[in-house]
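I opened the notebook to record what I looked up, item by item. The entries follow the order in which I went through the model.

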Amino acid sequence: MKYEPLTNRIGGQRVPFAGEHLDVTSPVDGMRLSRVPLSTADEVDRAVTVARDAYDAWSALTMKERSQFFYRYRELLHRRAAELAELIHEENGKTREEGRAEVAKAIEVTEFACSLPQLTAGEVMEVSPGVECRVEHAPLGVVASITPFNFPIMVPHWTIPIAICLGNAFILKPSEKVPLSADRTADLLHEAGLPPGVFNVVQGDRAAVEAICDHPGIAAVTFVGSTPIAKQVYTRATSHLKRVLAMGGAKNHLVVLPDADVEQTAANVVASMAGCAGQRCMAAATMIAVGEVQAIVDSICDESRRTVPGENLGAVISQAAKARIEAYITEAEQGGATVLVDGRGAVVPGCEGGSYVGATVIDNVRPDMRIAQEEVFGPVLAIIRVRDFDEALKLENASPFGNAAAVYTQSGDAARSFIDAASAGMIGVNVGVPVPREPFGFGGWNDSRFGSGDITGKIAIGFWTQSKKITTRW
Ligand code: NAD
């Protein structure tokens, strides 16, 4: 085992856990990396008590004082970027370069948090002679984030810097598949001088999540993960009257029009489909090919063949994920679709225990096939051929998800029509992974998000705070 067994991180301490543990296995080569505690409601309760104790002093600091920790933390993230990228690579399987990109995004959100003193400066107005109204933003108390496996550093950092800088005390429940990055995050926040108990990590799976949803001492919960679990968490935590934002899964449609630039479109579609081995909620899943776009499809196939598992294409999270993804491809093939580029059975020499799927392009997919409807979460592009733009829009709108959608065209008119009609929270025009940069918020629509608002950006300030309206006359 490469690393020591993990513990929970509560009140600045490593708190050993006597209960059940799970092995943490690297998807890169199948090596056992560590063991992760499967915490129970008792550990969640302990973390809430400690966080609550830390909250009073932390929330009493000014926003400017709190933001100072994040200036120091930003420097640490910069200095440790390579080390963090290596850890992400080991436990998640993505390439080191993709790991670096995650750290860059974590830095960007941290920089945004450093600007919160300016962004939250209160509003004041004389509402009648001698009477003044003022608005202040107060933190909520103890809050929690539950995160998925696919971005072990980036997704936790969507919430950590913002929620904490705004004055809340925080509990992170990371995915049990990638617990090491969260543990390392606790080290770095501690090194930045964050007071003990303001940030805590409770490792585990379902039991820990349910305990977070149920605990009366937790005021707000964010969840990022698959749609079925997002629904469960949203329903359960709101039934306990918590504030909840639950981001779910996705099935993103890229509409390619005949006037799209061939090379640029192909490179962009493949980067969206195969980046992070397709394990992104923003990944291209379905390409809707409108009319005559054969040159683009051919170029997509060429570009896909240039992705090499273990080199510029990382692993998928587990052998189970590999088997599930390959089963989708086989089922589509048996249903009459044409596999143009086949990534099944990929093996990386020297990493035979790893979980790899090569980039896969499937043509002539029908909208009623499972591969066209369900989230595959692998480097697989399903191409549906349609006659015209209206048919493409109908298909995009028929999806219950609504995370991202993109159009490839050189026509401003077509792009505008797509922006207006697509039912998704994040739209790309000739951009296959349309992730908004700070200060814009990240968030989908429909079954890709339960609750209101976005998880990052200016709108997230409202989620992590409550406004206090003060009226004074002297
Ligand atoms: P997941 O839903 O399996 O797990 C997410 C979290 O929920 C983990 O912390 C896990 O321990 C916990 N969990 C798992 N099963 C549970 C259960 N039965 N009850 C309570 N908690 C449970 O998701 P994943 O496989 O880790 O991540 C991939 C999914 O996340 C994909 O669907 C992807 O689209 C989605 N995702 C969405 C966004 C977004 O912003 N919309 C971002 C990243 C990932």
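**Entry 1. Asparagines with positive phi**

I began with N364, which is partly exposed at a relative accessible area of 39%. That value lies between the 20% and 50% cut-offs, so neither buried nor exposed applies. I noted that the model is a predicted one. N364 has a positive phi of about 60°, although it is not a glycine. I placed N364 in the loop between β15 (360-363) and α13 (370-373).

I then looked up N446, also a residue other than glycine with a positive phi, here near 55°. N446 sits in the loop between β18 and β19. Its relative accessibility is 32%, so I entered N446 as partly exposed.

**Entry 2. The loop between β18 and β19**

I stayed with this loop, which runs between β18 (426-429) and β19 (449-450) and holds P439. Which form does the peptide bond from E438 to P439 take, cis or trans? I found it cis, with omega near 10°.

F442 is in the loop between β18 and β19 as well. Is F442 buried or exposed? At a relative accessible area of 5%, F442 is buried, because buried means under 20%. Leaving aside neighbours within four places in sequence, I listed the contacts of F442: W158, M247, C281, M282, N403, M426, V435, P436, D454, I455 and T456. I also checked F442 against I459: the two are 17 residues apart in sequence, and their C-alpha atoms are 9.4 Å apart in space.

**Entry 3. Helix α3**

I checked the length of α3 (residues 81-92) next. Twelve residues at 1.5 Å a residue should span 16 Å, and the end C-alpha atoms are 16 Å apart, which agrees. The span counts one less than the number of residues, which is why twelve residues give 16 Å.

How many of the twelve residues of α3 are buried? I found nine, so α3 is largely enclosed by the rest of the structure. The buried ones are A81, L84, A85, L87, I88, H89, E90, E91 and N92. The cover over them includes two strands, β3 (21-25) and β4 (32-37), and the helices α2 (63-79), α4 (96-114) and α7 (179-191). Just after α3, G93 takes a positive phi of about 100°.

**Entry 4. H89**

I picked H89 out of helix α3 for a separate look. With a relative accessibility of 13%, H89 counts as buried. A polar atom of the H89 side chain lies 2.7 Å from the backbone oxygen of K94. Apart from neighbours within four places in sequence, H89 is in contact with V28, K94, T95 and R96.

**Entry 5. Helix α11**

I repeated the length check on α11 (residues 294-305). Its twelve residues should span 16 Å at 1.5 Å a residue; the end C-alpha atoms are 17 Å apart, which agrees. I listed I296, V297, S299, I300, C301 and S304 as its buried residues. These pack against the helix α10 (262-274) and against β12 (252-256), β13 (284-290), β14 (338-341), β15 and β16 (380-386).

**Entry 6. Surroundings of the ligand**

I counted 29 residues around the ligand, the closest being T147, E176, S226, G248 and E375. How do the residues of this shell divide by type? I got 14 nonpolar, ten polar and five charged. Among the elements that each supply at least two shell residues are α8 (206-214), β10 (220-224) and α9 (227-239).

I then went through polar contacts to oxygen atoms of the ligand. An N or O atom in the side chain of K173 is 2.8 Å from a ligand oxygen. A polar backbone atom of F149 is 3.1 Å from a ligand oxygen. For G225, a backbone N or O atom lies 3.3 Å from an oxygen of the ligand. On its own the ligand has 850 Å² of accessible area, and the protein covers 90% of this.

**Entry 7. S175**

My last look-up was S175, found in the loop between β8 (169-173) and α7. S175 has a relative accessibility of 6%, so I entered it as buried. Not counting residues up to four places away in sequence, S175 touches T147, P148 and F149. T147 is also one of the residues closest to the ligand.

Key:
Residues are numbered from 1 along each chain as its sequence is written. This is a predicted model: local features need pLDDT of at least 70, side-chain atom pairs count only at pLDDT 80 or more; totals for chains, interfaces and linings use all residues. Side-chain values use heavy atoms; hydrogens and water are left out. Helices (H or I, at least four residues) and strands (E, at least two) are DSSP runs, numbered from the N terminus. Buried means under 20% relative accessible area, exposed over 50%, partly exposed in between (1.4 Å probe, protein chains only). Contact means heavy atoms within 4.5 Å. A residue is near a molecule or strand if one of its heavy atoms lies within 4 Å of it. A polar contact is a pair of N or O atoms within 3.5 Å; within protein, one must be able to donate a hydrogen and the other to accept it, and residues adjacent in sequence count only if both atoms are side-chain atoms. Accessible areas come from the Shrake-Rupley method with a 1.4 Å probe; for residues, only the protein chains shown count as cover. Ala, Val, Leu, Ile, Met, Phe, Trp, Tyr, Cys and Pro count as nonpolar, Asp, Glu, Lys and Arg as charged, and the others, Gly among them, as polar.
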